[in-house]
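This report concerns side-chain packing in a single protein model. Please consult the sequence and structure shown below while reading.

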Amino acid sequence: EKYKSKTMADKQPVQIRTRKFIRNALLGRRQFIIDVIHPGRANLSKAELQEKVAEMYKVKDATTITMFGFRSAYGGGKSTGFALIYDTIEDAKKFEPKYRLARAGLVKGREGSRKQIKEKKNRMKKVW
């Protein structure tokens, strides 16, 4: 009890800054670079960031927010990534790559490993 280890539950203050904000009407989304300053923490989960960004930009449905490409700065305490806020889930499904939709849980991911898929394809080519 004397020595308490720090866990993610000890939510330390986090600062979120956005830059290079663009409204992309053609793809029905807002896109920007997101800087997360998190001293004393390893980093933030994408789900946690989604909630915070949804709050910042008054987004009703957090599933329309996609985040990717996060890199931590050397020495920690700061991470930078990319975020997209789609106008609707339909827009997200229309323009987002399938793998990112699978990550977000909007579509079902691929079954089996790459090797299994290739083996299956080659079995299908054989004519008995």
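The following paragraphs describe aromatic pairs, a helix and a buried polar residue in this predicted model.

**Aromatic residues.** Across the whole structure, 4 aromatic pairs are found. In one pair, the ring centres of F21 and Y57 are 5.5 Å apart and the planes meet at 20°, so this pair is stacked, the limit for stacking being under 30 degrees. F21 belongs to strand β1 (residues 15-24), whereas Y57 lies in the loop between α1 (46-56) and β3 (65-72); the pair therefore ties together parts that are 36 residues apart in sequence. F21 is partly exposed, its relative accessible area being 40%. Together with F32, the residues F21 and Y57 make up one aromatic cluster. Elsewhere, the ring of F68 has the charged end of R100 over it.

**Helix α1.** Four residues of α1, namely E48, L49, V53 and A54, are buried. The buried residues of this helix pack against β1, β2 (29-37), β3 and β4 (78-86). After α1 comes K58, which has a positive phi near 50°.

**Residue Q31.** Q31 is located in strand β2. Its relative accessibility is 13%, and because buried means under 20%, Q31 counts as buried. The side chain of Q31 is joined to that of R29 by a polar contact. Beyond its neighbours within four places in sequence, Q31 is in contact with residues including K20, F21, I22 and F82.

The distances for three side-chain pairs are listed here.

| Pair | Distance |
|---|---|
| F21 and Y57, ring centres | 5.5 Å |
| R100 charged end and F68 ring centre | 3.8 Å |
| Q31 and R29, polar contact | 2.7 Å |

Key
Residues numbered from 1 in each chain as written. Predicted model: local features only at pLDDT ≥ 70, side-chain atom pairs only at ≥ 80, totals over all residues. Heavy atoms only, no water. Phe/Tyr/Trp six-rings, centres within 6.5 Å; stacked < 30°, edge-to-face > 60°. Helix = DSSP H or I, 4+ residues; strand = E, 2+ residues; numbered from the N terminus. Buried < 20%, exposed > 50% of the residue type's maximum accessible area, 1.4 Å probe, protein only. Lys NZ or Arg CZ within 6 Å of the ring centre and 35° of its normal. Contact = heavy atoms within 4.5 Å. Polar contact = N/O pair within 3.5 Å; in protein donor to acceptor, adjacent residues only side chain to side chain.
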